[in-house]
Amino acid sequence: MIKDLVTVMIPCFNGETYLNKCFECLMNQDYKQVQLIVINDGSTDDSEKIILSYKEKIEKKGWQFLYLYQSNGGAAAAINNGLKSALGEYIMLYDVDDILYHDNISKKVECFKADEELGVVLNNGYFLNEKNGTRNLFANDKEYIGKQGLFNALLFEHAYNWPGSYMVRAEMLFKQLNNKKIFISPYGQNLQILLPVAYFYKVEIIEQPLMDYLVRENSVSHTGDIHKQLELQKGFTLNRTGTIKLMKIEECVKKQLLTQIDIWNSRKCFIFAYNHGLVDEMKNMKNHLSQCSAFTKKDRIRYIVSKNSLLKKIYEGLHKIKNRSI
């Protein structure tokens, strides 16, 4: 690892629409010591042409530039490919469709330099709606993270994990990975990077927004298809469980964590099915929670009222009144 160097890895599949803006953000960064690794994940558009057109500009900026090509295998496989060549003291990921502010990299490096025990630095940012241009703040739950730790916050959705919103210390990451490889999943790569580091090391949160996360209508992670949403929920849970199974922790702790995640995910799917009238899914999750002795009184009430539209309206009305009074 090269001291002070930041390895920025960009997995790209058919990103031609966003690549010019992506490279503009990189060219505007005020941090000087960067190794840029772009992994073309089998794109069929003009991504390769656009990426390589920036090679000279990036190198003139004083950065290292590495372009890798692979057959389409997903972002997690692309990151594993990139990790083999990562030279930086710090590692961050960046999606081609997001926007990094000019000091995104430097602000996070400053935090690491101020505390050698830090393993992760997070930053806040804005959701940017591609369709109408509106921006809404996203902020990590600092109170929850302070009390429960980043590891639990990531497990139970109290922290964000977008590329561009975090950086890890490479030595601490590689110490926890087997052969510099993360869990391969078709549902992303960020939790696989963050969880092993968050479990063992300190975290700092930069409350200043340092990026825009682009919300694209009908993108993979923001689909309006309820069945696809349910699939994604289960897929992101797979990232959690798959990563924990590979982590270097005691088996009894691993088993306990996997049970907690299973119950949490099953209840999330149960509530999602209730809200969207997915009868079969609701029944499956009810049976699973019952087998785990985790089907609560509240779950039982939801299950009963879901069978009668009038009861469901009354229950939801009472629930809204209760929430207003809190």
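**Exercise 1. Find where serine 43 sits, then work out what its side chain reaches.**

Start with the address: serine 43 falls in the loop that runs between β2 (34–41) and α2 (47–53). Keep in mind throughout that this is a predicted model.

Next, check the burial. The relative accessibility of serine 43 is 12%, and the cut-off for buried is under 20%, so serine 43 counts as buried.

Now look for polar partners. The side chain of serine 43 reaches the backbone oxygen of cysteine 12 at 3.4 Å. A polar atom of that side chain also lies 2.8 Å from the backbone nitrogen of asparagine 14.

Finally, widen the search to contacts, leaving aside neighbours within four places in sequence. Serine 43 then touches Cys12, Phe13, Asn14 and Tyr69.

**Exercise 2. Do the same for asparagine 190: which element holds it, and is it buried or exposed?**

Element first: asparagine 190 belongs to helix α8, which spans residues 190–200.

Burial second: with a relative accessibility of 10%, asparagine 190 is classed as buried.

Then the side chain: asparagine 190 and glutamine 189 are joined by a polar contact of 3.4 Å between their side chains.

Last, skip the neighbours within four places in sequence and list what else is in contact with asparagine 190. You should get Leu93, Asn161, Trp162, Pro163 and Tyr166.

**Exercise 3. Take apart the salt bridge between aspartate 97 and arginine 216.**

Begin with the distance. The two side chains meet at 3.0 Å, N to O.

Then place the partners. Aspartate 97 is in the loop between β4 (88–93) and β5 (99–100), while arginine 216 is in the loop between β9 (202–215) and α9 (226–246), so this pair ties together parts 119 residues apart in sequence.

Now compare the accessibility of each partner. Aspartate 97 is buried at 13% relative accessible area, whereas arginine 216, at 28%, is partly exposed.

For context, the whole model has a count of 14 salt bridges.

**Exercise 4. Helix α10 offers two more salt bridges, through lysine 268 and arginine 267. Track down both partners.**

Take lysine 268 first. Its side chain meets that of glutamate 157 in a salt bridge of 2.6 Å, N to O. Lysine 268 lies in helix α10 (residues 251–276) and glutamate 157 in the loop between α6 and β8 (166–169), so the bridge ties together parts that are 111 residues apart in sequence. As for accessibility, lysine 268 is partly exposed at 28%, and glutamate 157 is partly exposed at 40%.

Move on to arginine 267. Its partner is aspartate 299, with 2.7 Å from N to O. Arginine 267 is in helix α10 and aspartate 299 in helix α12 (residues 297–305), so here the parts tied together are 32 residues apart in sequence. Arginine 267 is partly exposed at 23% relative accessibility, but aspartate 299 comes out at 1% and counts as buried.

**Exercise 5. Explore the nonpolar interior: which members of the largest core touch the most other members?**

Pull up the largest nonpolar core, which has 44 residues. Its members that touch the most others are Leu83, Ile91, Leu150, Val168 and Leu173.

Then ask which element gives the most. Helix α6 (residues 142–155) supplies the largest share of this core, seven residues.

There's also a second, separate core of 42 residues, with Ile10, Leu36, Tyr54 and Tyr94 among its members.

Now zoom in on leucine 83. Not counting residues up to four places away in sequence, leucine 83 touches Met9, Ile91, Leu173, Phe174, Leu177, Lys180 and Ile182.

**Exercise 6. Go to the surface: which residues make the nonpolar patch of about 280 Å²?**

The patch is made by Leu310, Leu311 and Ile314. Pick leucine 311 and place it: helix α13, residues 309–325. Its relative accessible area is 40%, making leucine 311 partly exposed.

**Exercise 7. Finish with a distance: how far is asparagine 287 from alanine 153?**

First locate asparagine 287, which is in helix α11 (residues 279–291). At 32% relative accessibility, asparagine 287 counts as partly exposed. Then go from C-alpha to C-alpha: asparagine 287 and alanine 153 are separated by 27 Å, with their positions 134 residues apart along the chain.

Key: Residues are numbered from 1 along each chain as its sequence is written. This is a predicted model: local features need pLDDT of at least 70, side-chain atom pairs count only at pLDDT 80 or more; totals for chains, interfaces and linings use all residues. Side-chain values use heavy atoms; hydrogens and water are left out. Helices (H or I, at least four residues) and strands (E, at least two) are DSSP runs, numbered from the N terminus. Buried means under 20% relative accessible area, exposed over 50%, partly exposed in between (1.4 Å probe, protein chains only). A polar contact is a pair of N or O atoms within 3.5 Å; within protein, one must be able to donate a hydrogen and the other to accept it, and residues adjacent in sequence count only if both atoms are side-chain atoms. Contact means heavy atoms within 4.5 Å. Patches are made of residues with over 30% relative accessible area and no salt bridge: like charges are joined within 9 Å, nonpolar side chains (Val, Leu, Ile, Met, Phe, Trp, Tyr) within 5 Å. Accessible areas come from the Shrake-Rupley method with a 1.4 Å probe; for residues, only the protein chains shown count as cover. A salt bridge is a side-chain nitrogen of Lys or Arg within 4 Å of a carboxyl oxygen of Asp or Glu. A nonpolar core is a set of buried Ala, Val, Leu, Ile, Met, Phe, Trp, Tyr and Cys residues joined through side-chain atoms within 4.5 Å.
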